[in-house]
Amino acid sequence: SMDALRRECRTIRKQGYAIVDQEMQIGGLSLAVPVFDSRQRIVASFNTFTFSSIVPVEKLLNDVLPNMLAAAEDISHTLI
């Protein structure tokens, strides 16, 4: 429903990333982070995809997410 979608978007905005855990494909796991411009508008994003049998959600969030957020911040600093 639209209400559920809006709630999910608010959650994603608050936590600073989006994760898709087997919603599109059994075993599929995707993590995305936003890239902001100098006005703090989202102008891009990037993501990674793996399988939960290879990388558990916890490892993705603990080990990969910090690196992705740092890279997104580095990219953001280069944008006008």
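This is a tour of the structure above, stop by stop, with a selection to make at each one.

**Before you start**

The model is a predicted one, in which local features need pLDDT of at least 70 and side-chain atom pairs count only at pLDDT 80 or more, whereas totals for chains, interfaces and linings use all residues. Residues are numbered from 1 along each chain as its sequence is written, and side-chain values use heavy atoms, with hydrogens and water left out.

**The whole chain**

Show the whole protein as a cartoon, and you will find 2 helices and 3 strands, where helices (H or I, at least four residues) and strands (E, at least two) are DSSP runs numbered from the N terminus. Followed along the sequence, these elements give the pattern α-β-β-β-α. The C-alpha trace spans about 40 × 30 × 15 Å along its principal axes. Of the 80 residues, 21% are buried, a word that here means under 20% relative accessible area, while exposed means over 50% and partly exposed lies in between (1.4 Å probe, protein chains only). Contact means heavy atoms within 4.5 Å, and among the contacts between residues at least 6 apart in sequence, 43% join residues at least 24 apart.

**Helix H1 and the residue after it**

Select residues 2-15, which form helix H1. This helix of 14 residues reaches 20 Å from its first C-alpha to its last, close to the 20 Å expected at 1.5 Å a residue, the expected span being 1.5 Å times one less than the number of residues. Then select glycine 16, just after H1, which takes a positive phi of about 85 degrees.

**The largest pocket**

Select Ile12, Tyr17, Ala18, Ala32 and Pro34, which lie nearest the centre of the largest pocket among the 18 residues that line it. A pocket is found on a 1 Å grid over the protein atoms alone, as an open set of points where a 1.4 Å probe fits, with protein on both sides within 12 Å along at least five of seven lines, and lining residues have an atom within 4 Å of a point. The volume of this pocket is about 360 Å³, counted as the space filled by probe spheres set on the points, which are joined across faces, edges and corners. Helix H1, strand E1 (18-21), strand E2 (28-36) and strand E3 (42-51) are the elements that each give two or more residues to the lining, and E2 contributes the largest share, with 6 residues. The lining divides into 12 nonpolar, 3 polar and 3 charged residues, with Ala, Val, Leu, Ile, Met, Phe, Trp, Tyr, Cys and Pro taken as nonpolar, Asp, Glu, Lys and Arg as charged, and the others, Gly among them, as polar.

**The largest nonpolar core**

Now select Tyr17, Leu29, Leu31, Val33, Val35, Val55, Leu60, Leu65, Met68 and Ala72, the 10 residues of the largest nonpolar core. Such a core is a set of buried Ala, Val, Leu, Ile, Met, Phe, Trp, Tyr and Cys residues joined through side-chain atoms within 4.5 Å. E2 and helix H2 (57-78) each supply at least two residues of this core.

Centre the view on leucine 31 in strand E2, which is buried, with a relative accessible area of 0%. Beyond its neighbours within four places in sequence, leucine 31 is in contact with residues including Tyr17, Phe46, Leu60, Leu65 and Met68. Phenylalanine 46 is 15 residues from leucine 31 in sequence, and their C-alpha atoms are 8.4 Å apart.

Move next to leucine 60 in helix H2, where the relative accessible area is 3% and the residue is therefore buried. Leucine 60 touches Ile19, Leu29, Leu31, Thr48, Val55 and Leu65, when residues up to four places away in sequence are not counted.

**The loop between E2 and E3**

Select arginine 39 and glutamine 40, since each can be viewed in one loop: arginine 39 lies between E2 and E3, and glutamine 40 is found in the loop between E2 and E3. Arginine 39 counts as exposed because its relative accessibility is 62%, and glutamine 40 counts as exposed at 56%. Glutamine 40 also has a positive phi of about 65 degrees, although it is not a glycine. From arginine 39 to glutamate 58, 19 residues apart along the chain, the C-alpha separation is 32 Å.

**Last stop: phenylalanine 49**

Finish at phenylalanine 49 in strand E3, which counts as partly exposed at 45% relative accessibility. Apart from neighbours within four places in sequence, phenylalanine 49 is in contact with Gln25, Gly28, Leu29 and Ser30.
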